[in-house]
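Here are some notes for a colleague who is opening this structure for the first time. Please keep the sequence and the model in view while going through the points below.

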Amino acid sequence: MKLICDRTLLANAIAGVSKAVTQRSSIPVLEGILMKAEGFSLTLTGYDLEMGITTTIEANVLEPGDAVLPAKLLGDMVRRLPSEEVEINAQDSGATTIKGGITEFDIMGLNPGDFPDLPNPGADRTLDMDTADLQEMVDTTLFAVSTDDKKPAHTGALFSITPEKLTVVALDGYRLAIIEKPVQATKEIDIIIPAKTLSEVVKLFGEADEVVHISANRRFVVFATQSYTVISRLIEGEFLDYRRVIPEGYKTRVTVDVRDFATTIERASLIITERLKNPLRVMFDDHITVRCQTTLGKVVDELPAQVEGDPVEIGFNNRYLLDALRYSRCDKLVFELSGPLSPVKVLPKDGGDFLFLVLPVRFKND
């Protein structure tokens, strides 16, 4: 394989597909990027046996062929070359020369025959959506995905697809995040996509103003744009019936300024550490009072709010409450409360497409 291509294009492509490359693996070839040169293009692939990322860039292919080169080393070399163009010459033996200007690297590649084939997902195109909409849905929910492997289904986000609507749900047993958007889909299907896949997808597609084509079946999901194709295995298992845990109605309704409330919580959190995890005592009356006490000290803070209904005091994990405020990306939120031990609904004040649920913390003396 011998080719010449633009250094910036190649560096960006390496950075993109490297998100699916295993940094340390018992299978050495998985630490590399598969490069296939033919015609007027170079295709790069990273694959960790769970997620694969592929992209194609323009190249002047002098000799077609393929090679697998160590991902991190290749990326570092190409990024630091002094020229605008890169020449790569890979021999069948694996000996590879990477040249740019007066700088020349000689490295050993891995056997491309050992690189595992990407699975054939056999998934039909399910829906198309703007990358900006996909990023918003993932960013609004991914913070609530569980990191506990005891319930594998909750370590991903549920994509519930109907012909008219896409609903994305994430939960970890302490909070829940839901967002819905209208779509035009070709079928109805529920799939659980790993959090890592969604995180990398929005990083790859986030800055591009284009359409992402989503194809899905019971085993795989494929996200494709003009720039990248991402294929991922799905998580098997039963996702919680989230509709059953959302309380109906409320006894207290509170409208808050998000920035003011977040600033108040951040101040109160100064005396909370990983070792000292006392909950916040939040009193909703004609205003909001936030209290907390640990061995580091004691804090009392207040902020104005519009409170309707019964006064109530609720205990909150400070981080979970802050996450709900930060990821809402709203100026004002509505908290709907049904009592000191009932889940708290968090909604956008002016109407919107998301709902958060935050479970209260029981005080030790309750």
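1. In what order do the nine strands of the open sheet run, and is the pairing parallel or antiparallel? In this predicted model, the order across the open sheet is 14-11-12-13-26-25-24-18-22, with antiparallel pairing. Strand 14 (189–194) and strand 22 (306–309) are the edge strands, each of them pairing on one side only. When direction is ignored, neighbouring strands of this sheet are turned by 20 degrees against each other on average.

2. One pair within that order can be followed residue by residue. Strand 24 (residues 332–337) and strand 25 (residues 344–348) run antiparallel and are joined by four bridges, and Leu333 stands opposite Pro348 of strand 25. In general, the strands of a sheet pair through backbone hydrogen bonds, either parallel or antiparallel.

3. For the overall picture, the protein has six helices and 26 strands, and its C-alpha trace spans about 75 × 50 × 35 Å along the principal axes. Of the 366 residues in the protein, 50% are buried.

4. An unreviewed UniProt entry carries the annotation "domain: DNA polymerase III beta sliding clamp central" for residues 130–239. Over this stretch the chain is 20% helix and 41% strand, while the C-alpha atoms at its two ends are 26 Å apart.

5. Helix 4 deserves a careful look. Because eight of the 11 residues of helix 4 (residues 195–205) are buried, this helix is largely enclosed by the rest of the structure. The buried residues of helix 4 are Ala195, Thr197, Leu198, Glu200, Val201, Val202, Leu204 and Phe205, a list in which Glu200 can be found beside residues such as Leu198 and Val201.

6. Met137, which lies in helix 3 (residues 131–141), is a further residue to locate. Met137 has a relative accessible area of 0% and is therefore buried. Between Met137 and Tyr250 there are 26 Å in space, C-alpha to C-alpha, and the two are 113 residues apart in sequence.

7. The last point concerns open space. Rolling a probe the size of a water molecule over the atoms shows where empty space is left. The largest pocket holds about 410 Å³ of space, and 18 residues line it, with Leu171, Asp172, Gly173, Tyr174 and Arg175 lying nearest its centre. Sorted by class, the lining of the largest pocket consists of 10 nonpolar, four polar and four charged residues.

Definitions and conventions
Residues are numbered from 1 along each chain as its sequence is written. This is a predicted model: local features need pLDDT of at least 70, side-chain atom pairs count only at pLDDT 80 or more; totals for chains, interfaces and linings use all residues. Side-chain values use heavy atoms; hydrogens and water are left out. UniProt positions are given in the numbering used here, feature names are shortened, and annotations may be inferred rather than shown by experiment. On a 1 Å grid over the protein atoms alone, a cavity is a set of points where a 1.4 Å probe fits but cannot get out, and a pocket is an open set with protein on both sides within 12 Å along at least five of seven lines; lining residues have an atom within 4 Å of a point. Grid points are joined across faces, edges and corners, and a volume is the space filled by probe spheres set on the points. Ala, Val, Leu, Ile, Met, Phe, Trp, Tyr, Cys and Pro count as nonpolar, Asp, Glu, Lys and Arg as charged, and the others, Gly among them, as polar. Buried means under 20% relative accessible area, exposed over 50%, partly exposed in between (1.4 Å probe, protein chains only). Two strands pair if DSSP finds at least two bridges between them. Axes are lines fitted to C-alpha atoms, for helices over the stretch in contact, and angles run from 0 to 180 degrees between N-to-C directions.
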